[in-house]
Amino acid sequence: MNYQKITQEVRIIAKEVALFIKSQQQLIKSNDIESKGNHDFVTYVDKTAEQKIIEGLEKIIPNSGFIAEEGTSTKVGTTYNWIIDPLDGTTNFIHGISPFAISIALQENDKTVLGVIHEISLDECFYAWEDGKAYLNDKEIAVSKQNNLSKSLIATGFPYYDYSKTNDFLTTLEYFMRETSGVRRLGSAATDLAYVAAGRFESFFEYSLRPWDVAAGAFIVEKAGGIVCDFSGGNNYIFGKEIIASCKPLSNQIFNVVNKNLANKN
Ligand code: IPD
Ligand code: CA
Ligand code: CA
């Protein structure tokens with residue numbers, strides 16, 4: 001497989017669907033917003049975008065399978081599976097704020113081989129492929145070289161359905177509020193990861209995320225020279241619902257804080 005070529009084809013699909021999503025932002029009405037749960041919304045835009053992405057990807061690798069948020073296809077591929085969030089940051093999209101993004105990863109035998117994140121409001125496409133490097137539009141990107149925690153900017157997401165660890169989360173948040181330059185909650189995990197890859201954030205951590213939120217972003221961060229792990233330091237961060245992605249110099253320090261407060265203690 002020529003992953004570089006496939007990545008370019010995926011970028012074209014993401015760009016086309018990004019234009020569709022953007023074109024709908026002014027048209028969306030409150031009747032179009034369905035609630036999948038408390039703080040979890042979906043619109044016809046998410047669903048149509050997913051259909052369009054899947055139609056495009058099926059042509060690139062026939063017989064591939066899909067793990068896609070809105071369940072447009074549940075086909076399982078024997079070798080190749082795409083992991084898709086057609087619109088990451090739906091709440092931002094509905095409220096007319098940035099960022100919101102398309103996230104697409106390809107796995108070959110359960111190993112990620114390419115990732116594309118198209119952040120729609122700034123029209124920024126972050127991508128990487130196996131044996132290649134990480135890019136933003138056509139420029140190579142790398143994680144931050146910052147080694148001083150007090151000069152770092154950290155991103156996270158607030159718990160929105162599993163409140164069982166809220167106190168431990170708030171302890172972690174307070175630590176980073178005091179010890180870093182600042183903490184951000186953008187509302188799009190895919191964009192958070194893309195920004196770590198591009199060196200804009202030194203680190204991102206969140207729990208309760210799903211594979212489509214993180215698969216592409218985790219891969220792009222690694223290709224940009226960053227360190228990605230779960231809250232115990234393992235590599236179960238795509239399906240394991242917890243992720244820390246950091247620039248190399250600060251990765252141990254940030255991991256130790258998140259691990260101490262938020263890792264499951266059995
Ligand atoms: C959400 C965003 C958000 C994160 C949530 C995700 P959605 O995705 O990535 O930043 O905090 O956990 O579910 O629902 O907008 O695709
Ligand atoms: Ca998402
Ligand atoms: Ca989504």
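**View 1. Glu69, Asp85 and Leu87 hold the calcium ion (ligand 3).** In this predicted model, the protein donors of the calcium ion (ligand 3) are Glu69 (OE), Asp85 (OD), Asp85 (OD) and Leu87 (O). These donors lie 2.2 to 3.1 Å from the ion. Try finding them along the chain: the spacing of the donor residues reads E-x15-D-x1-L. Glu69 sits in the loop between strand E3 (65-68) and strand E4 (80-88), while Asp85 belongs to strand E4, so this pair ties together parts that are 16 residues apart in sequence.

**View 2. Asp85 bridges two calcium ions.** Here the calcium ion (ligand 2) comes into the picture, 3.7 Å from the calcium ion (ligand 3). Asp85 coordinates both of them.

**View 3. Three aspartates serve the calcium ion (ligand 2).** Which residues are the protein donors of this ion? They are Asp85 (OD), Asp88 (OD) and Asp213 (OD), lying 2.1 to 2.2 Å from the calcium ion (ligand 2). For this ion the sequence spacing of the donor residues is D-x2-D-x124-D.

**View 4. A look at how buried or exposed some of the donors are.** Is the bridging residue Asp85 buried or exposed? Asp85 has a relative accessible area of 2%, so this residue is buried. Asp88, a donor to the calcium ion (ligand 2), is buried as well, with a relative accessible area of 5%. Now turn to Glu69, a donor to the calcium ion (ligand 3): at 23% relative accessibility, Glu69 counts as partly exposed, because buried means under 20% and exposed means over 50%.

Notes:
Residues numbered from 1 in each chain as written. Chains lettered and ligands numbered in written order. Predicted model: local features only at pLDDT ≥ 70, side-chain atom pairs only at ≥ 80, totals over all residues. Heavy atoms only, no water. Donors = N, O, S within 2.8 Å, 3.2 Å for Na, K, Ca; no water. Buried < 20%, exposed > 50% of the residue type's maximum accessible area, 1.4 Å probe, protein only. Helix = DSSP H or I, 4+ residues; strand = E, 2+ residues; numbered from the N terminus.
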